[in-house]
Amino acid sequence: MSLAAGVGLRAPHHEAWRSSRPPVGWLEAHAENYFPQGGAQPAILERLRADYPLSLHGVGLALGSVEPLDLQHVARLRRMIERYQPMLVSEHLCWGRVDGSHLNDLLPLPYTEEALRHVASRVGELQERLGRRVLVENLSTYLRFADSTLEEWEFLAALAARSGCGLLLDVNNVYVSACNHGFDARRFIAALPATAVGEIHLAGHDVESIDGREIRVDTHGSAVCDEVWSLYGFALGHVGPVPTLVEWDTDVPELEVLVAEAARADAVACTARAAVA
Amino acid sequence: MHCAGGGGLSMAGAPTAGLPLAELQRRFAAALRAPDDAAPDATLLGALRDDGLPAARRLELYRRNVQGNFLKVLALEFPAIERLGGAAWFRQAGLDFLREHPSRSGDLHGIGAPFAGFLQRRLGATPHAYFADVAALEWAWQECLVAPDPDGSLDVGELASVAPRDVGVLRFVPHPALRLVGSRWPVFTIWDAHREPRADGDPPTIDLDRGGECAILRRSGEGAEARRCDPSTLAWLQALAAGQPFGDAWEVAISHDAGFDVARALAEAVRLGLFCGFRA
Amino acid sequence: MNRKNAILGAAIGSLFALHSLGLAQAADDAGAKEKCYGVAKAGKNDCAANGHSCAGQAKSDGNGKEWVHLPKGACEKIVGGSTQPKA
């Protein structure tokens with residue numbers, strides 16, 4: 001029987017995907033990895049798309065950058081959407097481009113009215129150019145801006161309301177940021193408009209000590225921790241059942257380990273449903 | 001558990017005159033690109049909250065991540081260069097390269113393109129001048145791996161129907177993944193010995209004076225294949241790939257080697273799928 | 001000119017002959033030690049944008065251009081050559 005939860009498609013597993021079809025519910029690919037139009041990457045995506053629902057997760061649009069949208073990048077994303085017909089398309093609430101160069105990282109925004117206006121208009125432009133709704137994901141962050149006048153969850157809720165975008169709720173990112181900044185993760189999740197949340201991400205993170213202070217770092221390099229599983233159950237109680245994805249990007253283990261994490265996500269979802277009923 | 005603590009946005013002591021978003025991003029980006037010993041940007045730090053850990057330390061986390069990500073991708077693209085120079089050397093060279101050639105795209109596939117030229121400028125007059133040619137071979141390999149699949153394939157039957165008087169002016173369409181590399185140094189041997197970790201211990205000693213090497217890189221299945229070739233074949237393929245007519249390319253080849261066997265070279269090129277069409 | 005066209009025409013003729021015999025297909029042949037094979041091993045945009053695995057790594061050793069003169073890796077076993085290689 002197939003699971004409901006999906007897993008992130010990563011190159012270290014391409015060999016395994018060539019010869020097996022584990023019972024995960026769906027797959028998510030980093031869109032930019034498949035921008036090149038030849039060779040092994042598009043070939044494997046083409047084959048897997050026939051067997052699993054697919055989601056395209058953008059990592060490089062830098063929607064919050066003041067710089068104009070990189071229209072070439074948008075056009076490539078659009079071409080991918082036309083070719084692979086994904087069920088979901090998502091990006092991040094972040095910036096990263098300045099003066100024509102790219103930092104290739106997911107950098108945090110101040111939560112101000114100015115930034116909100118800017119991002120909402122960018123997301124609107126993106127949705128118009130792609131001809132479809134996109135989901136915007138919350139980040140793990142390690143700093144906050146003095147000028148922020150909104151909480152992150154208020155910013156996300158307003159962004160969804162103004163631009164009509166959906167939200168990709170990364171529960172691990174909520175937990176990491178909650179720990180790093182001392183807010184209540186459940187309050188964050190409860191404040192999101194439930195109907196806007198179209199996808200959930202789960203992943204592992206690390207704990208670092210900097211100057212004696214504990215900082216949680218979003219490495220995607222370990223199993224989902226117990227606190228995040230419990231927060232996931234809470235999130236499902238608020239948003240209802242939505243497609244859930246397990247991601248692993250550093251020290252990537254065997255594919256079976258991810259499949260087991262997806263099975264655990266299903267078990268948590270099952271318990272959450274029983275609690276609601 | 002401190003994760004569930006109060007937090008909130010108590011703004012006591014925080015400056016209220018905010019930086020415009022554009023200036024904030026410009027200063028933030030400059031701080032992430034700065035070298036280790038750069039003076040901190042007080043205006044930027046004033047726009048960040050300390051929250052129990054100095055803002056400069058928080059910024060440092062992002063700076064290291066940006067640098068580390070770039071270096072990770074560069075090492076993925078130039079594994080032989082990293083082994084040849086060593087990890088610490090590669091890190092320094094890579095950071096210097098990043099400052100000179102920042103990424104221009106949200107897709108990291110292109111960042112290594114200027115690396116061989118960068119190494120040529122920095123190392124061209126040193127005993128490590130051959131690094132640039134090894135890097136050029138590694139970049140050609142990266143391009144070969146992701147180049148577009150061709151639209152069609154060469155129809156040999158149709159080719160054979162070209163009138164004899166017209167064969168000299170026909171032009172072959174190179175496969176999009178075809179890459180041709182030539183060097184005064186034995187770059188293929190050096191690359192082959194260093195591009196992957198060796199199960200049998202240290203790489204062998206290689207004599208730079210053993211002579212130059214040429215290589216053909218092509219799509220093989222869904223992956224790539226690289227093989228040595230002789231200089232006349234390289235010159236012939238380079239001429240054809242540049243769009244020169246079959247006759248002109250042959251003349252280029254025989255100027256390198258009067259004994260160049262075009263029948264054999266053509267059969268091999270077609271067998272390897274180096275062309276995906278022709279124009280009569 | 002005639003000789004050139006004859007040579008080129010013969011090359012295409014023999015290619016067609018090989019093709020007709022089924023000998024012109026791409027194939028992996030002998031002498032594999034002269035070749036290298038590979039596929040793309042990693043998604044270049046994975047670590048770079050969807051995690052912060054590099055955030056905790058150590059500072060670099062220093063700055064400046066000393067790297068230009070001090071490679072410390074396997075290149076110590078590349079011998080010969082000269083600062084100004086022969087063209």
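**Chain contacts and folds in a predicted model**

In this predicted model, 54 residues of chain C are in contact (C-beta atoms, placed from the backbone, within 7 Å) with 73 residues of chain B. Local features need pLDDT of at least 70 and side-chain atom pairs count only at pLDDT 80 or more, while totals for chains, interfaces and linings use all residues. Residues are numbered from 1 along each chain as its sequence is written, chains are lettered from A and ligands numbered from 1 in the order in which they are written.

Q: Which element supplies the largest share of the side of chain C that touches chain B?
A: Helices (H or I, at least four residues) and strands (E, at least two) are DSSP runs, numbered from the N terminus. On the side of chain C that touches chain B, α1 (2-20), β1 (35-38), α2 (46-49) and β2 (78-79) of chain C each supply at least two residues. The largest share, 14 residues, comes from α1(C).

Q: Which residue is the bridge partner of R227(B) in β1(C)?
A: Strand β5 (residues 223-229) of chain B and β1(C) run antiparallel and are joined by four bridges; two strands pair if DSSP finds at least two bridges between them. Within β1(C), the partner of R227(B) is K35(C).

Q: Which residue in β4(B) stands opposite V181(B)?
A: In strand β2 (residues 179-183) of chain B, four of the five residues are buried (20 or more other C-beta atoms within 10 Å of the residue's own; exposed if 12 or fewer, partly exposed in between; C-beta atoms placed from the backbone). β2(B) pairs in the antiparallel sense with strand β4 (residues 213-220) of chain B over five bridges. Opposite V181(B) in β4(B) stands A215(B).

Q: Which helices are included in what covers the buried residues of α5(B)?
A: The buried residues of α5(B) are W89(B), F90(B), R91(B), Q92(B), A93(B), G94(B), L95(B) and F97(B). Their cover includes three helices of chain B: α3 (55-77), α4 (79-85) and α6 (115-123).

Q: How far apart are the end C-alpha atoms of helix α5 of chain B?
A: The expected span of a helix is 1.5 Å times one less than its number of residues. For the 14 residues of α5 (residues 87-100) of chain B this gives 20 Å. The end C-alpha atoms agree with that expectation, being apart by 20 Å.

Q: What is the radius of gyration of chain A?
A: The secondary structure of chain A comes to nine helices and 12 strands. For its 277 residues the globule rule (2.2 Å times the number of residues to the power 0.38, with the radius taken over C-alpha atoms) gives 19 Å. The chain's own value is close to this, so chain A is as compact as a globular protein of that length, with a radius of gyration of 18 Å.

Terms used. Contact = placed C-beta atoms within 7 Å.
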